Structures are given as C-alpha cells and as structure tokens.
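Colleague: Could you take me through one part of this protein up close? I'd like to hear about the nonpolar core, and how the rest of the chain is arranged around that topic.

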Amino acid sequence: MTKRMVVAALSLAGIFVALYLLLYKLGMVGALTCSIGSCETVNTSRWATFFGIPVAGWGVAFYGGMFVLAVASTGERYAESVSVSLALVTAAGTGVLFSAWLTYLELFVIHAICQWCVMSAIIVTSIFLVCVADYRDTRRGSDPGDT
C-alpha cells in the first residue's frame, strides 16, 4: 500500500465523519451520538456555518477532494510527481489550519468539545503527516510506493 493510498483511506474516513455531521446539520439525523463532549452545542453554535455553508459541508468537500486527488495520484503517470505530492501537502496543510481554527473556537469561544470534530482533526492531521512523508520520499526520488 502506498502513502497516497493511505491518504485516500483516511480521506474516506473523514468523508464519513463529515457527512454524519452534515446530515445532522441538515436535519436528516435526529440527534448526534456523542458519548464524550457536547457535539450538539458545537454543531448548533453560530460557528457551525462558514460563508453560509455548514462547516461539515466544507469537510465533506475537503475530504472528497483529498480522496479524489490521492486516488488520481496513485496512477502510473503521477506516482513519482513532486508537483502532485506538493499539491497533496498544500491541501492537507490547509485542512490542518482550518481544523486548528475550529478547535480554537471549540476550546476558547464555544467552550464545548465535539468528539466527531476531534476525530476529524486527528484524521486531517494524520493525512498531513502522511502527505509530508510522501513529499519527502518523492523529492528524494525514492520509491513512493513503499510505506
């Protein structure tokens, strides 16, 4: 399994988490299952939308984009492309920054933690770390397929 396949798998997990939160926000899921924290407080706060779109919707779009990019980059044509690897790092880094901002809002503005949001933060951080490792391997010219 290549590092980019790992990114695709993690992105798929992120899609499921974000989609669950989006379905809740759209009223298609009754109550959030949240054994730790205050998911409803976070997801009903004024910070749960960004530019009029639910934050979870941005999450679905982000993880979907990462999934498509990661899967497309596993093809023979892009397997050793430093540019594609840099695009993955840049996109994942943007996701980490957005997630860090959301975590700041949870801790210091909303004063509540959502376990699903924490899970998403862990997933996006993992994606970023794997993308950085892929970028380093690709720049060195080593086999990016090794994990």
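Modeller: Sure, here is the overall layout, followed by the core and one of its residues. Keep in mind that this is a predicted model. The protein has five helices and two strands, and going along the sequence you meet them in the order α-α-β-β-α-α-α. What about overall shape? A compact globule of 147 residues would have a radius of gyration near 15 Å, and this protein comes out at 16 Å, so the two agree. Its C-alpha atoms fill a box of roughly 50 × 30 × 30 Å along the principal axes.

Now for the inside. Of the 147 residues, 37% are buried. In soluble globular proteins, nonpolar side chains tend to be buried together. Here the largest nonpolar core has 30 residues, and Val7, Leu21, Tyr63, Met66, Ile127 and Cys131 have the most contacts inside it. The elements that each give two or more residues to this core are α1 (3–25), α2 (39–43), α3 (55–72), α4 (82–110) and α5 (115–140).

Let's zoom in on Met66. Leaving aside residues up to four places away in sequence, Met66 touches Val7, Ser11, Leu88, Ala91, Ala92, Ile127 and Cys131. Three of those names, Val7, Ile127 and Cys131, may ring a bell from the list of residues with the most contacts inside the core.

Stepping back to the whole protein, take the contacts between residues at least 6 apart in sequence: 74% of them join residues at least 24 apart. As for the outside, the accessible surface comes to about 8000 Å², and carbon and sulfur atoms account for 67% of that.

Notes
Residues numbered from 1 in each chain as written. Predicted model: local features only at pLDDT ≥ 70, side-chain atom pairs only at ≥ 80, totals over all residues. Heavy atoms only, no water. Helix = DSSP H or I, 4+ residues; strand = E, 2+ residues; numbered from the N terminus. Rg over C-alpha atoms; globule rule 2.2 N^0.38 Å. Buried < 20%, exposed > 50% of the residue type's maximum accessible area, 1.4 Å probe, protein only. Contact = heavy atoms within 4.5 Å. Areas by Shrake-Rupley, 256 points an atom, 1.4 Å probe, with all protein chains shown as cover. Core = buried A, V, L, I, M, F, W, Y, C linked by side-chain atoms within 4.5 Å.
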